[in-house]
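Student: I would like a close look at one part of this protein. Please start from a single strand and work outward.

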Amino acid sequence: MPTMAVMTGIQASGKSTFCRAYLSEYVRINLDTLHTRNKENSAMEEAFCAGKNMVIDNTNPTAEERRKYIFKAKEHGYKVVGYFMQSRVQECIARNELREGKAKVPAKAIAATSHKLELPSCKEGFDELYFVCMTDAGMAVEKWKTPDSFCRGGEENQDEL
Ligand SMILES: Nc1ncnc2c1ncn2[C@@H]1O[C@H](COP(=O)(O)OP(=O)(O)OP(=O)(O)O)[C@@H](O)[C@H]1O
Ligand SMILES: [Mg+2]
């Protein structure tokens, strides 16, 4: 079954870096580079038609913003996997400061995204959810552990809470 991965994370939290490192074979759907919703939809349709794995590499901070991607993925028989970038606003702002040109966004925009950030939940339709943490050694990917959002193997994981 092909997979759609949906990223959630504020600007400069490392989403695109994660995609390059872990999902390099996936078609990357990124609104900043595609520019318009029309082009985004076309790129998604093309990937769906070819049955390719794809990753939605936007900030996707709210359930509302994630909903349409999850809906489309399910409609096409895809598995939907969510990756949440654990991040501290000040660290993201600091990393953003090091960026050049268009890649650099106003610090206020990062704070605004942070304020509306909603943790993803399996209730949204995710089949699997993961935390991604940046460590000195690089990125670490962990299975989601919040009680309301067990996806698979919830029963056996209850012990870990
Ligand atoms: N493990 C890491 N440790 C420290 N810095 C990192 C790490 N991974 C990526 N970075 C740096 O953090 C910055 C942000 O990464 P990235 O561009 O992947 O974020 P993003 O979430 O895709 O941001 P945006 O939403 O603006 O596209 C980059 O400058 C990148 O070099
Ligand atoms: Mg990015």
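Student: Which residue in β4 is the bridge partner of M4?

Tutor: The partner is V80. First, some ground rules. Residues are numbered from 1 along each chain as its sequence is written, and chains are lettered from A and ligands numbered from 1 in the order in which they are written. The model is predicted, so local features need pLDDT of at least 70 and side-chain atom pairs count only at pLDDT 80 or more, while totals for chains, interfaces and linings use all residues.

Now the strand itself. M4 belongs to β1 (3–8). Helices (H or I, at least four residues) and strands (E, at least two) are DSSP runs, numbered from the N terminus. β1 and β4 (79–85) run parallel and pair over six bridges. Two strands pair if DSSP finds at least two bridges between them. β1 also pairs with β3, again in the parallel sense, over three bridges. There, V6 has I56 as its bridge partner.

β1 is mostly covered, with five of its six residues buried. A residue is buried if 20 or more other C-beta atoms lie within 10 Å of its own, exposed if 12 or fewer, and partly exposed in between; the C-beta atoms are placed from the backbone.

These strands meet again in the largest nonpolar core. Such a core is a set of buried Ala, Val, Leu, Ile, Met, Phe, Trp, Tyr and Cys residues joined through C-beta atoms within 7 Å. This one has 23 residues, and M4, V6, M7, I56, V80 and Y83 touch the most other members. β1, β3 (54–56) and β4 are among the elements that give two or more residues to the core. The others are α3 (37–49), α4 (63–75) and β5 (128–135). Apart from this core lies another, of five residues, including I10, A12, C92 and I93.

Look at V80 once more. Two residues are in contact if their C-beta atoms, placed from the backbone, lie within 7 Å. Leaving out residues up to four places away in sequence, V80 touches M4, V6, I70, A73, K74, G125, F126 and D127.

Next, follow the chain out of β1. A12 sits in the loop between β1 and α1. A12 counts as buried because it has 24 C-beta neighbours inside 10 Å. Its backbone stands out too: phi is positive, about 65°, although A12 is not a glycine. Most residues other than glycine have a negative phi. H35 also has a positive phi, near 75°, and is not a glycine either. H35 lies in the loop between α2 (31–34) and α3. H35 is exposed, because 10 other C-beta atoms lie within 10 Å.

A12 leads on to ligand 1. Around ligand 1 there are 14 residues, of which Q11, A12, K15, S16 and T17 come nearest. Here, a residue is near a molecule if its C-beta atom, placed from the backbone, lies within 6 Å of it. α1 (15–22) and β6 (138–143) each supply at least two residues of this shell. The largest share, three residues, comes from α1. By type, the shell has three nonpolar, eight polar and three charged residues. Ala, Val, Leu, Ile, Met, Phe, Trp, Tyr, Cys and Pro count as nonpolar, Asp, Glu, Lys and Arg as charged, and the others, Gly among them, as polar.

I10, from the second core, has a link further along the chain. L117, in the loop between α6 (107–116) and β5, is in contact with I10 and P61, leaving aside its neighbours within four places in sequence. L117 is partly exposed, because 19 other C-beta atoms lie within 10 Å.

Finally, step back. The chain has seven helices and six strands. Their order along the sequence is β-α-β-α-α-β-α-β-α-α-β-β-α. Of the 161 residues, 27% count as buried. Among contacts with a separation of 6 or more, 74% join residues 24 or more positions apart. The C-alpha trace spans about 45 × 40 × 30 Å along its principal axes. The radius of gyration is 16 Å, which agrees with the value near 15 Å for a compact globule of 161 residues. That radius is taken over C-alpha atoms, and the globule rule is 2.2 Å times the number of residues to the power 0.38.
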